Amino acid sequence: MKLLTPDRLRLLVPALSLAVLLGAVFWLQPRTMSYTGLNLLFNLAVPIALATIAQMFVMMVNDLDLSMGTFVSFVACITATWVQSDPLLGYGALALCIAAYSAIGVVIYVRQLPAIVVTLGMSFVWGGLAVLLLPAPGGSAPDWIRAMMTAKPPFVPMAIVASVLIAAVTHWLVMRSSLGVLLRGVGGNEKTVRRAGWSVLRARAIAYALAGVFAVLAGMTLVGLTTSADANIALRYTLLSIAGVILGGGEFIGGRVSPIGAVIGALTLTLAASFLSFLKISPDWQIGAQGMILIIVLAVRLALNRREQRGARP
Amino acid sequence: MTALRFVFAKPWLWSFVAAFGTWLVTILFTGGASTLGLSQAALTFAAFSIIVGLGQMFVVTLGPGNVDLSIPATMTLAGTVALKVMDTQDGAILLGLLVTLGVGIGIGIANYALIKLLRIPPIIATLSSSFIVQSIAIATNRGIRIKPPAVLAEFSIASFLGVPNVAWLALVISVFAWVLLEKGLFGRWVSAIGQNMRAARLAGIPVDGVRFLTYMLCAVLAAIAGFLLSCFSGGAALNMGSEYLLTSIAVVVIGGTAVAGGFANVPGIWGASLFLFLVVSMLNTYGASAGVRMVLTGVIIIAVIIAASRKAVR
């Protein structure tokens, strides 16, 4: 029984970086070491974690979704307007969005298109639709979402409960269920999966649909926190979600992803922003610092990967 | 029959056909009144996309996964720093140009260092470096809009023989790129690496050197485009490069360059750049709102890519 399997080692880096960052934040600002403090620190992490999971499903089948930010923004606009005023129309539109995501996955596969280009094009479509639906910031959050996001469970803040829940559900879905194995197989070796009699088309449609589902959840929870929406509300989610997956130990190719790692990655990125502002780093350097964090984590991982390879080939 | 075969053998012709069609539809709507103005505007704005598109084309040709996402940030930084250095003085134009080239070379080196030394996939490497570059640009700019030197400002909006100066510049750069690609050893090497990197390495091609030069070329061209754009628009803005992320990739793909790498196409960049600008101005002419314009731009890009893919696959 080996305690440090490569997979666990992979998860150790994001977990440790989160712990170090959290320690640093506590040290800089001891008042965050409380129920309210933690809630404030991690509040915005819930939609980011959901968007990261959505991105993970796309990356699992070796694609990359550059429309995540505009899609989440569009969903937020639907949630703050139609879901609020005309639930039937609102939920219908959200269901259509998920179907559209699945269709994009199918088109990309059938036509062998580059996912980056198609999703970049889609980012225009979602962005345009969001502007059409909500030209000026506004709308309001449906009561039940607002109530859910502002709930105060005993002992542990809602943001952390939600993060653990998301991690647990997606871990089961991706790592434990047979569907998850199939999807990761498509990312690992599409040809083998096809020869084994599975429909790659269906698998990819499911992967994209799941991405759509989690992206919709991200948009809805975001509105629950902000209480109103705007066509540009979540544009940075594209980059945050990709960075979150990578920080959490995911790879671009090979279907090698970690849902728990992705959630931890999203939490780390959220915390990084607070950490930088506690350090009184000017907002100018905030995105630059996020870039640096990404590079440092990847460098650490390179060192670990080399160790792993050395272990595999004695 | 031979004419037809000629058309099918040259995928880039389609981009010109599409550009011409949109141009025709637009001037028909205005009854021919806007012919000269529209053509000049199209050439001017296409020139910027052409310059960044050429750089992106070389990068994409290196093979799957190669794409430079730092183009917008590079453009912004080059424009900002160059205008700051020149400080509206006509005498400092040469210095400004040198600084522009320096910015491009520096970012190119940084990008490839991340790709090679840290083995980061190019997408994430250029993404993380673009965060840092963007931060540097924000810190340099500080919201102050410095005007370009008068001579440069005049040059960038003036025309020669009825064709805008920036379009002439784009033509010179395109001819240079075409010679580099079709007649020079460098272009053959880039294509060979894109077709099969392993085979290229075994054939004795200095793969790392060529890839390094390609990323540098792309960054330098982006810097030049940023410099020109900031002179043209009377100052550098922090978001001035943002639309060129999609544009640079879209013109490469629509222009008939293989997305999977290995086959590049210079003339197609022109057709695609003109087409993309003309689509937007056509929608403007027909009075489409910003939202509709965005949706249709996205839909058209995806439709063109889907249409082009059938020819590429079968």
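How many salt bridges does the rule find across the interface of chain B and chain A? Let's work through this and one more exercise on the predicted model.

**Exercise 1. Describe the interface of chain B and chain A.**

*Step 1: look for charge pairs.* Here a salt bridge needs a side-chain nitrogen of Lys or Arg within 4 Å of a carboxyl oxygen of Asp or Glu. With that cut-off, the count across the interface is 0.

*Step 2: try polar contacts.* You'll get 1 residue pair between chain B and chain A, with both residues at pLDDT 80 or more.

*Step 3: find the elements.* On chain B, the elements giving two or more residues to the side that touches chain A are α5 (93-117), α6 (122-141), α12 (244-254) and α14 (290-313). The largest share comes from α14(B), with 13 residues.

*Step 4: sort by class.* That side of chain B has 27 nonpolar, 8 polar and 3 charged residues.

*Step 5: check the area.* About 3,400 Å² is buried between the two chains, and carbon and sulfur atoms give 84% of this. Of the area that chain B buries against chain A, 17% is supplied by Ile124(B), Phe131(B) and Leu246(B), more than any other three residues.

**Exercise 2. Follow helix α3 of chain B from its kink to just past its end.**

*Step 1: find the kink.* Helix α3 covers residues 35-61 of chain B, and its kink of about 25 degrees is centred on Ala47(B).

*Step 2: is the helix mostly covered or mostly open?* Count the buried residues, those under 20% relative accessible area. You get 19 of 27, and that makes α3(B) mostly covered.

*Step 3: step off the end.* Just after α3(B) comes Gly63(B), with a positive phi of about 125 degrees.

Notes
Residues are numbered from 1 along each chain as its sequence is written. Chains are lettered from A and ligands numbered from 1 in the order in which they are written. This is a predicted model: local features need pLDDT of at least 70, side-chain atom pairs count only at pLDDT 80 or more; totals for chains, interfaces and linings use all residues. Side-chain values use heavy atoms; hydrogens and water are left out. The bend at a residue is the angle between axes fitted to the seven residues ending there and the seven starting there. Helices (H or I, at least four residues) and strands (E, at least two) are DSSP runs, numbered from the N terminus. Buried means under 20% relative accessible area, exposed over 50%, partly exposed in between (1.4 Å probe, protein chains only). Buried area is the accessible area (1.4 Å probe) that two parts lose on being put together, summed over both. A polar contact is a pair of N or O atoms within 3.5 Å; within protein, one must be able to donate a hydrogen and the other to accept it, and residues adjacent in sequence count only if both atoms are side-chain atoms. Ala, Val, Leu, Ile, Met, Phe, Trp, Tyr, Cys and Pro count as nonpolar, Asp, Glu, Lys and Arg as charged, and the others, Gly among them, as polar.
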